[in-house]
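Subject: Structure handover

Hello,

Here is the structure I promised to pass on. Please open it alongside this email.

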Amino acid sequence: MTTTAANSTLTRHYTLDDIRDEARQLVDCGTLDRCQPICALCGYIAAREWPFIEAELESNDYGLRDRIGDLIPHETWSND
């Protein structure tokens with residue numbers, strides 16, 4: 001059995017929407033703040049997955065020092 005075949009099935013591609021959803025959940029529950037840098041997400045994502053996250057962010061022109069608020073689209077609130 002070769003390890004290259006097994007390793008290729010373990011890689012996962014994260015979309016920017018996946019990353020935004022994760023960041024939004026962490027902000028909504030109060031774990032992270034919109035003013036924190038994007039690199040703060042690495043404390044809540046498995047270390048083996050972080051290189052994939054970082055690559056996707058960089059390919060979409062996000063830096064790790066950019067704010068989480070820049071990553072999450074602005075929300076609109078309607079008055080009740």
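Below is what was found in it, starting with the overall picture and moving on to single residues.

**Overall**

Please keep in mind that this is a predicted model. The mean pLDDT of the protein is 84. Of its residues, 78% reach 70 or more. Residues 1-10 are another matter: their pLDDT is below 50. That stretch also makes zero contacts in the model beyond near neighbours in sequence.

The protein has four helices and zero strands. Along the sequence the pattern reads α-α-α-α. Of the 80 residues, 26% are buried. The accessible surface comes to about 5800 Å². Carbon and sulfur atoms hold 51% of that surface.

Now the contacts. Take those in the protein with a separation of 6 or more. Residues 24 or more positions apart account for 69% of them.

**The salt bridge**

The structure holds one salt bridge. Its partners are the side chains of D21 and R24, at 3.2 Å from N to O. Both residues sit in helix α2, residues 16-28. They are three residues apart, so about one helical turn separates them. How accessible are the two partners, D21 and R24? D21 is partly exposed, at 38% relative accessibility. R24 is also partly exposed, at 25%.

**Two buried charges without a salt bridge**

In general, side chains of opposite charge can pair when their charged atoms come close. Two buried residues here have no such bridge: R20 and E56.

R20 lies in helix α2. Which side chain of opposite charge is nearest to R20? That is D17, 4.0 Å away. Still, R20 is buried and has no salt bridge. Not counting residues up to four places away in sequence, R20 touches Y62, L71 and P73.

E56 is found in helix α3, residues 50-59. E56 is buried and has no salt bridge either. The nearest side chain of opposite charge is R20, at 9.1 Å. What does E56 contact, leaving aside its neighbours within four places in sequence? The list is H13, Y14, T15, L16 and I19.

**I72**

I72 belongs to the segment after α4, the helix that spans 68-71. With 2% relative accessibility, I72 counts as buried. I72 and R20 are 52 residues apart along the chain. Their C-alpha atoms are separated by 5.8 Å. Leaving aside neighbours within four places in sequence, I72 is in contact with A23, R24, V27 and R34. One of these, R24, is also a partner in the salt bridge with D21.

**Cysteines**

How many disulfides does the structure hold? The count is zero. As a reminder, a disulfide is a covalent bond between the sulfur atoms of two cysteines. C29 is exposed, at 54% relative accessibility. C35 is exposed too, with a relative accessible area of 57%.

**Where to look**

If you want a short tour, begin with D21 and R24, which meet in the salt bridge. Then go to R20 in helix α2. From R20, move on to I72, with 5.8 Å between the C-alpha atoms. End at E56 in helix α3. Treat residues 1-10 with the low pLDDT in mind, as it is below 50 there.

Best wishes

Note on methods
Residues are numbered from 1 along each chain as its sequence is written. Side-chain values use heavy atoms; hydrogens and water are left out. Helices (H or I, at least four residues) and strands (E, at least two) are DSSP runs, numbered from the N terminus. Buried means under 20% relative accessible area, exposed over 50%, partly exposed in between (1.4 Å probe, protein chains only). Lys and Arg count as positive and Asp and Glu as negative; His and the chain ends are not counted. Contact means heavy atoms within 4.5 Å. Accessible areas come from the Shrake-Rupley method with a 1.4 Å probe; for residues, only the protein chains shown count as cover. A disulfide is a pair of cysteine sulfur atoms within 2.5 Å. pLDDT is the predictor's confidence in each residue, from 0 to 100.
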